[in-house]
Amino acid sequence: MQIVIDENIPEAQVFAQFGRVIKRAGRAISAADVRAADALIVRSITQVNPQLLQGSAVKFVGTCTIGTDHLDLDYLSSQKIAWANAPGCNAQAVVEYVLAVLQVLAQRTGAKLAERVFGIVGAGQVGQRLATVLRQLGYQVMLCDPPRQQLETSSAQDYVDLATILARCDVISVHTPLESSGSWPTYHMFSSQQLAALQQGAWLINAARGATIDNRSLLTCLQQRTDLSVVLDVWEPEPVFNPELAALCQLATPHIAGYSLDGKIRGTQMVFNAFCQHFDVSPSATIEYPEPLLQTVQLNPTASAENLLSLLTTVLYDPRTDDAAMRMLFRLSPEQRGAGFDLLRKNYPIRRELATLKIAGEGYTAQQQLVFQALQLSR
């Protein structure tokens, strides 16, 4: 068996027990690479379509990501090619990215998070988890997701439309798939009209797909409105992002919100399980999670819950590091900028999730323990 795999997928060697593994750069995987392959394992940067697969021997496609907008699912179905994704694999990492971003924005603006109203656009794996954490912390949260609202009639009162989010929320975090049609088109969901409706001093965070926000309209908006604080992890287009827009963002990162090591390995595991099921094979080797560098922290029980929240949400990940690396690319040519963007992703440092961290010590207050619980920290 021959298996073509994106070179940036961690623990990919687990597939080698079933055949020859060929690693390629995700954006460079070509029809020639997959012609004799039985399986193709990718991430979101590889477009899997007829141009790539026509005439190939591929029988299974796995994407170690939540989204599937880079897969031509109709074509795969028509060719009877099995496929699998990894729903929820990096959802926790994205949630923790947003929590860290909120702390940075709060520090820079002097705002208190407890006084903000949070709007979450897209209530899938990421959006629901983020809403749960924010509500556990006592924050006011509104959700916008019309298709899910129709399905979850019992909790329909939790959902509002986008116009209400824009009118009532001063923090908006976007977590939708990218859809250009269907019951809820999300392509350019935030165009000039929606951006103009943002509240004075609003924060807008996009860790979903670049084209959910019209980047040209956003640039124009930010040139006119210095009151807004925008954080972009995804861009239109990628990898050649607009440096003029990025320079106006409070934080600009290279599509790494979900790049925790735990999330990446979880995605590999989920696709590996689907691969084994499809080919009806039993693995002799399994995937192991490495021990985290930081395992235990002991905190001051006299510290405020607010200060502990700020510390804990940035102790394992600080988005300002990724922002600084991204800004080094701004003055490069478009070609160099795109290559640099991909290089930042390829060489991304190890980042662990909060669940790998244990809280030591005693005497913590009920409010402090509420923070530990919301962040899923063990005692």
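## Annotated residues and nonpolar cores

In this predicted model, T65 is found in the loop that connects β4 (60-63) with α3 (73-78). With a relative accessible area of 12%, T65 is buried, because the cut-off for that word is a value under 20%. A polar atom of the T65 side chain lies 3.1 Å from the backbone oxygen of G67.

T65 does not stand alone in the record, since the UniProt annotation "binding site", from an unreviewed entry, covers S44, T65 and Y259. Although these residues span 216 residues in sequence, no two of their C-alpha atoms are more than 12.4 Å apart, so they gather at one spot. The table sets two of them side by side, with contacts that leave aside neighbours within four places in sequence.

| Residue | Loop between | Relative accessible area | Contacts |
|---|---|---|---|
| T65 | β4 (60-63) and α3 (73-78) | 12% | R43, S44, H70, N85, A86, P87 and C89 |
| Y259 | β11 (251-252) and α11 (261-279) | 12% | R43, A93, K264, R345, Y348 and R351 |

R43 appears in the contact lists of T65 and of Y259.

Turning to the interior, nonpolar side chains tend to be buried together in soluble globular proteins. The largest nonpolar core here has 52 residues, and those with the most contacts inside it are Y97, L102, L134, L312 and L375. Several elements each supply at least two residues of this core, among them β6 (117-121), α5 (125-136) and α12 (305-315), while α4 gives the most, with 12 residues. Beyond its neighbours within four places in sequence, L102 is in contact with L113, F118, L134, V171, W203 and I205. A second, separate core of 37 residues includes L195, C221, L222 and C249.

Key. Residues are numbered from 1 along each chain as its sequence is written. This is a predicted model: local features need pLDDT of at least 70, side-chain atom pairs count only at pLDDT 80 or more; totals for chains, interfaces and linings use all residues. Side-chain values use heavy atoms; hydrogens and water are left out. UniProt positions are given in the numbering used here, feature names are shortened, and annotations may be inferred rather than shown by experiment. Helices (H or I, at least four residues) and strands (E, at least two) are DSSP runs, numbered from the N terminus. Buried means under 20% relative accessible area, exposed over 50%, partly exposed in between (1.4 Å probe, protein chains only). Contact means heavy atoms within 4.5 Å. A polar contact is a pair of N or O atoms within 3.5 Å; within protein, one must be able to donate a hydrogen and the other to accept it, and residues adjacent in sequence count only if both atoms are side-chain atoms. A nonpolar core is a set of buried Ala, Val, Leu, Ile, Met, Phe, Trp, Tyr and Cys residues joined through side-chain atoms within 4.5 Å.
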